[in-house]
Amino acid sequence: MADKQHLYLVDGSAYIFRAYHRLPPLTDPEGTPVGAVYGYTTMLWKLADDLDKADGPTHLAVVLDKSSHSFRNEIYDQYKANRPDPPEDLVPQFPLIRDATRAFSLPLVEEPDVEADDMIASYARAAQAEGWDVTIVSSDKDLMQLVGEKDGARIDMLDTMKSARIYIEEVEEKFGVPPEKVGDVLALMGDSVDNIPGIFGVGPKTASKLIAEHGDLTAALDAAEEMKKSKLKERLIEHREDAELSRVLVTLKEDCPLPIAIDDMKLNGVPSEPLAAFLEKHGFTSLLRRLETGSGSPNRATDLNPPKQETKGAEAEAGGNSQPLPELPAIDRSAYECVQSMERLTHWIERAGAARLVAVDTETDSLDSIRAELVGVSLAPGPNEACYIPLGHGGSDMFAEKPEQIGKAEALAALKPLLEDDAVLKVFQNGKYDLNVLAREGIAVAPIDDTMIISFALDAGRSESGIGGGHGMDELAERHLGHTCISFKELCGTGKKAIPFAEVPLDKATEYAAEDADVTWRLHAMLKRRLPVEGGTKIYERVDRPLVPVVAGMERHGIKVDRARLAKLSEEFATETKRLEGEIHEIAGQEFTVGSPKQLGEILFDKLGFKGGKKGKSGQYSTDQSVLEKLSGDGAEIADKVLEWRQLAKLKSTYTDALQEAINPETGRVHTSYSLVGAQTGRLSSTDPNLQNIPIRTEIGRQIRDAFVAEDGHVLLAADYSQIELRLAAHMADVAPLKEAFAEGEDIHARTATEMFGEVTRDTRARAKTINFAILYGISRWGLAGRLGVEADEAQAMIDTYFQRFPGIQKYILHTLESVREKGYSETLFGRKTWFPRINSKNQAERQGSERAAINAPIQGTSADIIKRAMVRMNPALEEAGLGHVRMLLQVHDELVFELPEADVTAASEAIERVMAQAAAPAVELAVPLGVEIGTGKSWGAAH
DNA sequence: CGGATCACG
DNA sequence: GACGTACGTGATCCGA
């Protein structure tokens, strides 16, 4: 017996998931999750401790899943397709599991494209063939197929969580059949977790009965013809192929090549030094103490349920980072290379391919990604390992000599396979820009990561200054790397003296461009690892990251505007403003600049002597809309004329003139640029031109929307979420009457009026509407009083009534504020964080401002998450519906605008409505329906 | 370049 | 006793 070898095969991946769910969510003082690691460590400890016991291991190896891909995916593309991502706080623990295994000096088997189950099966059979006993440390039902005895060598299983051995009897008890028939049972049952189809409607009971009766799967399926008429019979016949496919999928592959010989898995006791280092590093002090005192096997009960006090406090006290960042070398610009030959370019492309990750940056001659011409590309497959590939330098001065560089077409042809390679991650800072530039060169870059978007997922709201809210590269480099990038200004100059990037000498251009790629690579290394630890993975991976190429596509499509129509409006507005200006001057008794609030204020309040002039902190009279409306109410004709003048001047300068200039001469369309990090709440913002503030509220402004048109034979389709923020408030604050009203499709403001005032009139409904919005924005009695034109007392009474009728609202507000004060950030239903660094400010105004924003952010942000999810799903859904030519053009916070052939309106409306209405699911199940209103027309105005 | 104003959700 | 009153944006103009 002493000579009997006994191999233990630990199913590490399966263990980790179970340990994660069974053990308390331990964290170290820095908040790094270590619960599953702790469970795993104690399990290994216990196994190693059994070394000299009967039935204990003489040999041991840990088997982990390396990749999710295996031969089963080749057979069945849906295999494991529905599997959810691992929990966010488990992800950072995976690498620690490897560290733990190494600390025990245990062999680790981890093969690409082979599932752990197959590897375990192959090792078990190999050991069995040598006459060894085998224990599989797992409780996976698929592995139960292996249990049994052959030639005096036994395979059994050990469920360490239940401290239970699984032999043939246990398998028979569970499945009603011996282990060799378990595969047949599994094939009938299917498996929803692995997405194995099985036979619909057949569960474990029916499956084992069928196999027990008929002997095996084929016999059971053949027997179906003879069965008496039943649902089961029909299903067995109809889904026979599914069952046969499932049989192949559940069959373990027992002849995988073995990377480590079984003899090399011999256990030689646990070397205490590396283990001690590991335990100390991760703060497992009680285990460390045991190691040092050499006290025997850990007690089983405390092992599986570590005492809270010990694990939460002392156990995790040592802390430290879960994934310490390897020291990066300081940035050294002299290490950068200017690539001027195909030979060198090939070298860099091969290097990037081997690294599997490369930071990329493009240099162009314009900030507008739709007009920009590519001037060069930089690559960084590692820190200080960066190059710049000039492609379009020189040439603007016909006397200057063009520097030596690879032809653009040739270079891009060589880069294209790398940039489109699924296996190489391309890292960008603001990748949407580069995606557009490269898409116009015929390169569809994927997959990508974006350091700007990662920064936003982690730190939205934390920094208030700077372009892009503190997520621009220069700021990120300062903040995270302590590095000052070469500024574009010092390279190209500014204002009139500015030179295009293409005219920057190659040595300078290389330093600048390669540095950008290098910095991007480093930022990625710094920031990406924070995502799982700080709860940013879900929103980044599921929402913002996949959105980047979608929005890039929308920007490239652009939208057609009718230039002649705008020009005509411009002319009309010009005539009108001129006429008004004359009349205003006449009333004023002098000429002045109507567009100057300063001059206007002096005319109104000093010269003409109107009352109600308030000076702000700038010492200037306020002349805004509310002031002028008040004067108009007092009979001041000049105020009306100024208001009208302002409206027309605004429309002309901001819209009818500017939009004409924004038409891209090549495409004939207007291409806005969306910022994915512009709004702290997670909304998009739109610039150059801003297409999210095109007039609609007034009749005169609405004419501008009519200038946004579809191509011939096409129409525009506008799909709006109706009252989405109020719906979300009803859900998030759990307001029964509001939820009910939405479920019934009632007029929500009318319902609020009923609840508050007992009756619905034009007046009470209007008040209710104001109050509803006030709630979303964080209310104050003075603010509401101002809006409603009542005294603050009365406004306060209304707020009280509101809270009384909808008590969930008050609770939501208090709870939200409490949480933001404590944690420093608010969160949307989908986990997007917005930070409020001033929420505890001593400055009352500052603090209250943050409070109002913090009340609003989860609602506005959740709405943004939902429409973003709809956008991410939209193109695949349209594609699937045979509507691949329907183009999504614009997003206006709660509205999406599409362009499509007239003939497709019905089908497209249906598909778009469905995607938008279902966009929260399955991540969040809302207690209110999401209403979507759709309109179509030849113009945007007509589509509403 | 900051403030005032006003366009949108 | 003063604070300064609804959330989130971007473009334009004026005037220092």
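Which helix gives the largest share of the surface near DNA strand C? Keep that in mind for the first close-up; all the views come from a predicted model.

**View 1. The protein surface beside DNA strand C.** The answer is α37, which brings seven residues and so makes up the largest share of the surface near DNA strand C. Helix α37 covers residues 844-880, and it has company: α28 (637-662), strand β17 (685-687), α33 and α34 (781-788) also supply at least two residues each. There are 32 residues around DNA strand C, and the ones that come nearest are Ser-596, Ala-774, Arg-787, Gln-844 and Arg-852. Sorted by class, this surface has eight nonpolar, 19 polar and five charged residues.

**View 2. Zooming in on the atoms that meet DNA strand C.** Which part of the strand does the protein sit beside here, the bases or the sugar and phosphate? Of the strand C atoms within 4 Å of the protein, 63% belong to sugar or phosphate, and bases account for the rest. Look for Ser-596, where a polar side-chain atom is 2.3 Å from a phosphate oxygen of DNA strand C. Asn-690 also uses a polar side-chain atom, this one 2.9 Å from a sugar or linking oxygen of DNA strand C. Thr-770 shows a contact with a base: a polar atom of its backbone is 3.4 Å from a base nitrogen of DNA strand C.

**View 3. Over to DNA strand B.** Here 20 residues surround the strand, and Ser-618, Lys-650, Ile-696, Arg-697 and Asp-894 are the closest. Helix α28 turns up again, giving the most to this surface with three residues. The class count for the surface near DNA strand B is five nonpolar, eight polar and seven charged residues. Of the strand B atoms within 4 Å of the protein, 77% are part of sugar or phosphate. Now check the protein backbone: a polar backbone atom of Thr-623 is 2.8 Å from a phosphate oxygen of DNA strand B. For Asp-624, a backbone N or O atom lies 3.4 Å from a phosphate oxygen of this strand. Arg-697 has a polar backbone atom 2.6 Å from a phosphate oxygen of DNA strand B.

**View 4. Two helices crossing, α33 and α35.** Helix α33 takes in residues 762-777 and α35 takes in residues 792-805; their axes come within 11 Å and cross at roughly 75 degrees. That is why we can call α33 and α35 roughly perpendicular to each other. On the α33 side, look for Arg-767, Ile-771, Asn-772 and Ile-775, which meet Glu-794, Met-798, Tyr-802 and Phe-803 of α35. The contact between these helices has five nonpolar, one polar and two charged residues.

**View 5. Helix α31 and its neighbours.** Five residues to find in α31 (residues 736-743) are Pro-737, Leu-738, Lys-739, Ala-741 and Phe-742, and they are buried. What do the buried residues of α31 pack against? They pack against α30 (724-732), α32 (748-757) and α35. Just after α31 comes Gly-745, with a positive phi of about 70 degrees.

**View 6. Thr-362 in strand β9.** Is Thr-362 buried or exposed? Its relative accessible area is 5%, so Thr-362 is buried. You'll find Thr-362 in β9, which runs over residues 357-364. The Thr-362 side chain makes a polar contact of 2.7 Å with the side chain of Asp-434. Leaving aside residues up to four places away in sequence, Thr-362 touches Leu-374, Gly-376, Val-377, Tyr-433, Asp-434, Val-437 and Leu-438.

Definitions and conventions: Residues numbered from 1 in each chain as written. Chains lettered and ligands numbered in written order. Predicted model: local features only at pLDDT ≥ 70, side-chain atom pairs only at ≥ 80, totals over all residues. Heavy atoms only, no water. Axes fitted to C-alpha atoms, helices over the stretch in contact; angles between N-to-C directions. Helix = DSSP H or I, 4+ residues; strand = E, 2+ residues; numbered from the N terminus. Parallel < 35°, antiparallel > 145°, perpendicular 65-115°, else oblique. Contact = heavy atoms within 4.5 Å. Nonpolar A, V, L, I, M, F, W, Y, C, P; charged D, E, K, R; others polar. Near = heavy atom within 4 Å. Polar contact = N/O pair within 3.5 Å; in protein donor to acceptor, adjacent residues only side chain to side chain. Buried < 20%, exposed > 50% of the residue type's maximum accessible area, 1.4 Å probe, protein only.
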